[in-house]
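User: Hi, I have a protein model open and I'd like to go through it with you. Could you help me read it bit by bit?

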Amino acid sequence: AEGAGGGDAAGKTSGAGKSGGAGGGKSSEAEGSTPDAATATATSAGPGELSAWTLSGNMNTLVEAMEALSAASGESAAEDVARLIDSSDNEYVLSSPKHAMELQQDLRLVADIVTMVTAAAVGGLVFALFRQPMITGYLAAGATVGPGGLQAVKELVQVETLSQFGVVLLLFCLGLEFSMTKLRAVRGVAVAGGITQVAVLMLTCGALSKMFGAPVAEGLFIGAFLSMSSTAVVLKILGEKDQLATLYGQITVGTLILQDLLVGVFFSLLPVLGGDTSGGFVALCALAVRIALFVAGAMFVARRAVAQLLRALQRLDGSSGELFQIGMVAFCLVVAWASDALGLSIEMGAFVAGAMVSSTGEAERVLHAVEPIKNLFTALFLASIGMVINPHFLWLHLDILLCSLVLTITAKTALFGTVVRAFGYSAATALSVGMAMSQIGEFAFVLLSRAS
């Protein structure tokens, strides 16, 4: 049956009938009824009144009812949606086409972004005046306006999702500064030493769990996420102090890169810790294959296409730099998305994207182009981490907080420093690396949420 009227025929909301199309779309009659015997009741609610028509006969009458219903709904200020109910209680919804293309702005999200950026700017300024790292100001700003503070931010998930661009661009810039020549000099301590540090911490926590009667698997998992350090935080501080090129900076960066790669391994090991050994082994093998394919494909593209892409952007862009900047950000996001599509981390993809550009010799120009965008999103990311902090909760559990803080920092500093010292580096270098790696990174939250 053909429906005609000023509104769209949206879907049936109850009963056995069907409807579809817009502005004169098709509407099939209810099961068990015929066009000659169609009986329908159409209602449209206005402010304080109810208009109704009871119609019977052929389908022309039904068409007239829909037209009358559309006119009545246009006069209604209280309800924009009109409904048509037939004799079998099939309900059809008519909506006005004038609202179909109306764009809705999320003003609440806009207000939250303004709040976060402003708070981060104020927090960074205050801590900079006292000659403290601005990253601490960003964290404090997030804690102040977050759920545990003034509760000025409402749409937490959207803000945290948007802030992940800061991590992606931070890892992209790290890849741009990545020097295989410098890292090759510390690959022993970064790879072998990094794996040793993680293994020792996992085994120690597993042994302590068994000693206190807890499941060994839980102890191993606790050791895994405790071994993770924050790549974003450490790189931000090393960059502010201009110590990325130092010996201890290169060792720290190499170890952090290894930990980022191990995050995917830990995700694959979660089924094993849960008792599913067969599934965990298969997942681990599949992860190794995906990493190998991704790295090999990235190396191939870097040699064949990245340099040509950079030259084309420079030639088309001229002296403004706008197209070059947007093109590089897009390249970073595409490679990061490809990494995520393969089941690897977005952070790994962003780092590989930076390393691909670094191999062309244009790293300095690209870094200068994307750094302003990176700084904005990095500040937003760090402020979003601060939103996790609940000052009132920490104050109520201050004794546990201080004990855990001292134990974690002391144990990780001693462990990382001992391993670095065992590879023949000086005590000062070992202590610097140990202190840089002594905190727990944001990937611990990711592992905890995934394990639960």
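User: Let's begin with Arg108: what does Arg108 form a salt bridge with?
Analyst: In this predicted model, Arg108 forms a salt bridge with Asp112, and the closest N and O atoms of the two are 2.9 Å apart.

User: And why can those two reach each other, how are they placed along the chain?
Analyst: Arg108 and Asp112 both belong to helix α2, which covers residues 107–129, and because they are four residues apart in that helix, they are separated by about one helical turn.

User: Are Arg108 and Asp112 buried or exposed?
Analyst: The two partners fall into separate classes: Arg108 is partly exposed, with a relative accessible area of 34%, whereas Asp112 counts as buried at 0% relative accessibility.

User: How many salt bridges are there in the whole structure?
Analyst: A search of the whole structure finds two. Besides the pair in helix α2, the side chains of Glu371 and Lys374 meet in a salt bridge, with an N to O distance of 4.0 Å.

User: Where do Glu371 and Lys374 lie?
Analyst: Both lie in helix α13, three residues apart, which is about one turn of the helix. Glu371 is partly exposed, with a relative accessible area of 33%, while Lys374 counts as buried at 12%.

User: New topic, the inside. How many residues does the largest nonpolar core have, and which have the most contacts in it?
Analyst: The largest nonpolar core has 73 residues, and those with the most contacts inside it are Met328, Val357 and Val366. Helix α13, residues 363–386, gives the most to this core, with 11 residues. As a general background, nonpolar side chains in soluble globular proteins tend to be buried together.

User: What does Val366 touch, then?
Analyst: If you set aside residues up to four places away in sequence, Val366 touches Phe172, Leu176, Leu310, Phe324, Met328 and Val357. Two of the residues in that list, Met328 and Val357, are also named with Val366 as having the most contacts inside the core.
Analyst: Apart from this core lies another one, of 13 residues, and among them are Phe221, Ala224, Ala444 and Leu447.

User: What about Ser163, where is it and what is it in contact with?
Analyst: Ser163 lies in helix α4, residues 156–176, and counts as buried at 0% relative accessibility. Leaving aside neighbours within four places in sequence, Ser163 is in contact with Phe377, Leu380, Phe381 and Ser384.

User: How many disulfides does a search of the whole structure find?
Analyst: The search finds zero disulfides. A disulfide is a covalent bond between the sulfur atoms of two cysteines.

User: Why is there no bond between Cys173 and Cys332?
Analyst: The sulfur of Cys173 is 8.0 Å from the closest cysteine sulfur, which is in Cys332, and that is too far for a bond, because a disulfide needs the two sulfur atoms to be within 2.5 Å. Cys173 is buried, with a relative accessible area of 4%, and Cys332 counts as buried too, at 0%.

User: Moving outwards, which residues form the nonpolar patch on the surface?
Analyst: The patch is formed by Ile389, Phe393, Leu394, Trp395, Leu396, Leu398, Leu401, Leu402, Leu405, Val406 and Ile409, which together have about 1,000 Å² of accessible area. The elements that give two or more residues to the patch are α14 (391–396) and α15 (398–422), and α15 gives the most, with six residues.

User: Can we take one of them, say Ile409: what is its place?
Analyst: Ile409 sits in helix α15, and at 37% relative accessibility Ile409 counts as partly exposed.

User: And the place of Val295?
Analyst: Val295 is in helix α10, which covers residues 277–317, and counts as partly exposed at 33% relative accessibility. The C-alpha atoms of Val295 and Ser339 are separated by 9.6 Å, although the two residues are 44 residues apart along the chain.

User: Last one, how many helices and strands are in the protein, and what share of its residues is buried?
Analyst: The protein has 17 helices and seven strands, and buried residues make up 40% of its 452 residues. About 23,700 Å² is exposed, with carbon and sulfur atoms supplying 65% of that area. Among contacts between residues at least 6 apart in sequence, 67% join residues at least 24 apart.

Conventions. Residues are numbered from 1 along each chain as its sequence is written. This is a predicted model: local features need pLDDT of at least 70, side-chain atom pairs count only at pLDDT 80 or more; totals for chains, interfaces and linings use all residues. Side-chain values use heavy atoms; hydrogens and water are left out. A nonpolar core is a set of buried Ala, Val, Leu, Ile, Met, Phe, Trp, Tyr and Cys residues joined through side-chain atoms within 4.5 Å. Buried means under 20% relative accessible area, exposed over 50%, partly exposed in between (1.4 Å probe, protein chains only). Contact means heavy atoms within 4.5 Å. Accessible areas come from the Shrake-Rupley method with a 1.4 Å probe; for residues, only the protein chains shown count as cover. Patches are made of residues with over 30% relative accessible area and no salt bridge: like charges are joined within 9 Å, nonpolar side chains (Val, Leu, Ile, Met, Phe, Trp, Tyr) within 5 Å.
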